Amino acid sequence: IAFSGGAALQCPLTTDHAYFMTVLHAVDTDTLSEEGTDIEAALQEAATVFAGEDTSGTGDRAGRAVVLVSDGEAVTGDAQRAAEELAQSSAIMVMGIGDPEGAEITLPQALRPLRGGGETALSHLSRLDEGALSDIAVAGGGVYVRSTLGDDDVRILQRELAFLDGASSEDGP
C-alpha cells in the first residue's frame, strides 16, 4: 500500500516476491497525487484488504503484520485510532525513517517546471516523529524501530515477524 495524502493498494498480498519487487520499484513520489502523510488512510486500506481475507475464510490475525515505513511527520487523520482498530486483525510493525533534527528535501531543478506551484512547494523540512510512530506501533500491538545504516533495524523486524509466523503455525495446521 503506497500512501501520501491518500492510500492505494499497489500489490495484493502475494508470495510472488519477484512480482512484489517489480511493483515496489515502480512506486515513487508520483504514484499518488495527494500531498501529505495520511497514515490513517494507509492503515484503513490494510484493514480493507484483511477484511476481504476474513470473509473468504483465510484470515489469521496471529500470522499477519503490517510493516509501516514512514517519517511519521505531519500526519493527517487519527493514525493511532486506526492502529487500534487494525490491531484486531494484524500486528503493526513500524520503521521510522529520517532524522528527528530534520533534513531539507528539495525538488530537483530539472523537475520544477513539471511541478507548478510557488517556491514554498519546492522545499520541505522533513523531521522524523518517533513519538507518533511509537504510539502507532503500541496501539497496533507491534514494535517500533528506527532505521539505521546497519541492518539491526531489519533484524529486529524479521525477529518480530518470525515470532508472528511461529505463533500462527502453533495455533493450527
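Along β3, which side chains point to one face and are buried, and which point to the other and are not? In this strand the side chains alternate, with V66, L68 and S70 pointing to one face, where they are buried, while A65, V67 and V69 point to the other and are not buried. Buried here stands for under 20% relative accessible area, exposed for over 50%, and partly exposed for what lies in between, with a 1.4 Å probe and protein chains only.

The model is a predicted one, in which local features need pLDDT of at least 70 and side-chain atom pairs count only at pLDDT 80 or more, whereas totals for chains, interfaces and linings use all residues. Residues are numbered from 1 along each chain as its sequence is written, and side-chain values use heavy atoms, with hydrogens and water left out. The pLDDT, which is the predictor's confidence in each residue on a scale from 0 to 100, averages 82 over the protein, and 80% of the residues score at least 70. Over residues 168-173 the pLDDT stays under 50, and for this stretch the model has four contacts beyond four places in sequence, a contact being heavy atoms within 4.5 Å.

The protein has six helices and seven strands, where helices (H or I, at least four residues) and strands (E, at least two) are DSSP runs numbered from the N terminus. Read from the N terminus on, the elements follow the order β-β-α-α-β-α-β-β-α-β-α-β-α. Among the contacts in the protein with a separation of 6 or more, 75% are accounted for by residues 24 or more positions apart. Of the 173 residues, 30% count as buried, and the accessible surface comes to about 10,300 Å², of which 54% belongs to carbon and sulfur atoms; such areas come from the Shrake-Rupley method with a 1.4 Å probe, and for residues only the protein chains shown count as cover.

From β3 the path leads to strand β4 (residues 91-96), which runs parallel to β3 and is joined to it by six bridges; two strands are taken to pair if DSSP finds at least two bridges between them. Within this pairing, S70 has G96 as its bridge partner in β4, and V69 stands opposite M95. Unlike the alternating faces of β3, both faces of β4 are covered, since A91, M93 and M95 on one side and I92, V94 and G96 on the other are all buried. β4 also pairs with strand β7 (residues 144-146), in the parallel sense and over three bridges, and here M95 stands opposite V145. M93 of β4 can further be placed relative to V138, from which M93 is 45 residues apart in sequence and 9.1 Å apart in space, C-alpha to C-alpha. V138 lies in helix α5 (residues 130-139) and, with a relative accessible area of 66%, is exposed.

The face of β3 that is not buried leads to the surface. V67, which is found in strand β3 (residues 65-70), counts as partly exposed at 42% relative accessibility. Together with V69, I97 and L161, V67 forms a nonpolar patch on the surface, with about 290 Å² of accessible area for the four residues together. Patches are made of residues with over 30% relative accessible area and no salt bridge, like charges being joined within 9 Å and nonpolar side chains (Val, Leu, Ile, Met, Phe, Trp, Tyr) within 5 Å.

Charged pairs complete the picture. A salt bridge is a side-chain nitrogen of Lys or Arg within 4 Å of a carboxyl oxygen of Asp or Glu, and by this rule the count comes to five. R81 forms one of them with E40, the closest N and O atoms being 2.4 Å apart. Because R81 lies in helix α3 (residues 79-86) and E40 in helix α2 (residues 39-55), this pair ties together parts that are 41 residues apart in sequence. R81 counts as partly exposed at 30% relative accessibility, whereas E40 counts as buried at 12%, and E40, R81 and E85 are linked in a network of salt bridges.

R155 meets the side chain of D151 in a salt bridge with an N to O distance of 2.9 Å, and that of D152 in another at 2.4 Å. R155 and D152 are three residues apart in helix α6 (residues 152-171), so about one helical turn separates them. These side chains belong to residues that are partly exposed, with relative accessible areas of 45% for R155, 43% for D151 and 44% for D152.
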